[in-house]
Amino acid sequence: MKRGQITFDFLIALMLISVTVVGMISIASGEKANAETFDTAAKLKVFSVDMRDTVTKVYSIGEGFTVVKSLPMNLQKGESVTVTLNSTSNRVIIVANLNDGTFKVEQNLPVPVYSTTSVKLTPGKETFNVTAAYNETEGRTYVELKG
């Protein structure tokens with residue numbers, strides 16, 4: 001073999017190693033983004049189940065009972081989360097507009113919701129109240145969200 005041939009083979013090998021490393025970095029970066037999206041979706045799903053249980057508890061205890069809830073994640077500037085108790089579908093609906101995208105999570109409520117209420121959570125305003133109020137005229141306990 002000639003000296004120039006060894007250098008050319010070395011350059012080809014170095015190029016193949018470089019392409020492989022760049023490909024692995026690209027895959028790792030994509031997987032990190034997928035993991036972050038999955039983490040956000042999982043947190044919102046857990047929060048929706050917690051909201052379902054909280055609404056049930058507040059309804060069961062009755063008039064005047066309030067639970068203060070906090071969003072299980074920190075919001076950045078421009079992000080928001082809307083939590084809605086929907087009387088039409090009898091569901092808790094959470095819509096999150098985050099840098100990762102828009103997420104929507106719903107949970108069926110085992111107790112009746114007689115009036116639709118919602119709160120919009122933004123950076124610095126990430127807590128709200130889940131309150132039970134009794135309407136004597138209708139003879140019903142309402143569960144409401146209050147910011």
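## Starting with a strand residue

Thr117 is found in strand β5. A good way into this predicted model is to look at what surrounds that residue. Leaving out residues up to four places away in sequence, Thr117 touches Val83, Thr84 and Leu85, and also Val143, Glu144 and Leu145. Val83 is one of the residues of β2 (80–86), and β7 covers 140–146, so these two ranges are useful to keep in mind because both elements give two or more residues to the largest nonpolar core.

Is Thr117 buried or exposed? Its relative accessible area is 15%, and buried means under 20%, so Thr117 counts as buried.

## The chain as a whole

With that residue in place, let us step back. The protein chain has one helix and seven strands. Along the sequence the helix comes at the start of the pattern, which reads α-β-β-β-β-β-β-β.

What about the overall dimensions? Along the principal axes, the C-alpha atoms of the protein chain fill a box of roughly 100 × 30 × 20 Å. The radius of gyration of the chain is 26 Å, whereas a compact globule of 147 residues would have a value near 15 Å.

## Surface, charge and contacts

Of the 147 residues in the protein chain, 30% are buried. The accessible surface of the chain is about 9,100 Å², and carbon and sulfur atoms account for 56% of that surface.

The chain carries 15 positive and 14 negative side chains, with the centres of the two sets 6 Å apart. Among the contacts with a separation of 6 or more, 61% are between residues 24 or more positions apart.

## The nonpolar core

In soluble globular proteins, nonpolar side chains tend to be buried together. Here, the largest nonpolar core has 28 residues, and Met51, Val81, Val83 and Phe128 are those with the most contacts inside it. Two or more residues of this core come from each of α1 (3–61), β2 (80–86), β3 (91–98), β4 (101–108), β5 (117–121), β6 (127–135) and β7 (140–146). Which element gives the most to this core? That is α1, with five residues.

Val81 is worth a visit in the 3D view. Setting aside neighbours within four places in sequence, the contacts of Val81 include Leu71 and Leu75. Val81 is also in contact with Ile94, Val95, Ala96 and Leu98, as well as with Val119, Lys120 and Leu121.

## On the helix and just after it

Thr54 is found in helix α1. With a relative accessible area of 6%, Thr54 is buried. Beyond residues up to four places away in sequence, Thr54 touches Val67, Lys69 and Val130. The C-alpha atoms of Thr54 and Ile93 are separated by 14 Å, and the two residues are 39 residues apart along the chain.

Now move on to Gly62, which lies in the loop between α1 and β1 (66–70). Why does Gly62 count as buried? The reason is that its relative accessible area is 9%, and buried means under 20%. Not counting residues up to four places away in sequence, Gly62 touches Ala132 and Thr141. Gly62 and Glu126 are 64 residues apart in sequence, and their C-alpha atoms are 25 Å apart in space.

## Three loops between strands

In the loop between β2 and β3 you will find Asn90. Its phi is near 55°, a positive value in a residue other than glycine. Asn90 has a relative accessible area of 22% and is partly exposed.

Tyr114 is in the loop between β4 and β5. At 32% relative accessibility, Tyr114 is partly exposed. Which residues does Tyr114 touch, not counting residues up to four places away in sequence? They are Tyr59, Ser87, Arg140, Thr141 and Tyr142. Thr141 is also touched by Gly62. From Tyr114 to Ile93, C-alpha to C-alpha, the distance is 15 Å, with their places 21 residues apart in sequence.

The last stop is Glu138, in the loop between β6 and β7. Glu138 counts as partly exposed, at 42% relative accessibility. Glu138 and Ile94 are 44 residues apart in sequence, and their C-alpha atoms are 28 Å apart.

How values were computed
Residues are numbered from 1 along each chain as its sequence is written. This is a predicted model: local features need pLDDT of at least 70, side-chain atom pairs count only at pLDDT 80 or more; totals for chains, interfaces and linings use all residues. Side-chain values use heavy atoms; hydrogens and water are left out. Helices (H or I, at least four residues) and strands (E, at least two) are DSSP runs, numbered from the N terminus. The radius of gyration is taken over C-alpha atoms; the globule rule is 2.2 Å times the number of residues to the power 0.38. Buried means under 20% relative accessible area, exposed over 50%, partly exposed in between (1.4 Å probe, protein chains only). Contact means heavy atoms within 4.5 Å. Accessible areas come from the Shrake-Rupley method with a 1.4 Å probe; for residues, only the protein chains shown count as cover. Lys and Arg count as positive and Asp and Glu as negative; His and the chain ends are not counted. The place of a charge is taken as NZ of Lys, CZ of Arg, CG of Asp or CD of Glu. A nonpolar core is a set of buried Ala, Val, Leu, Ile, Met, Phe, Trp, Tyr and Cys residues joined through side-chain atoms within 4.5 Å.
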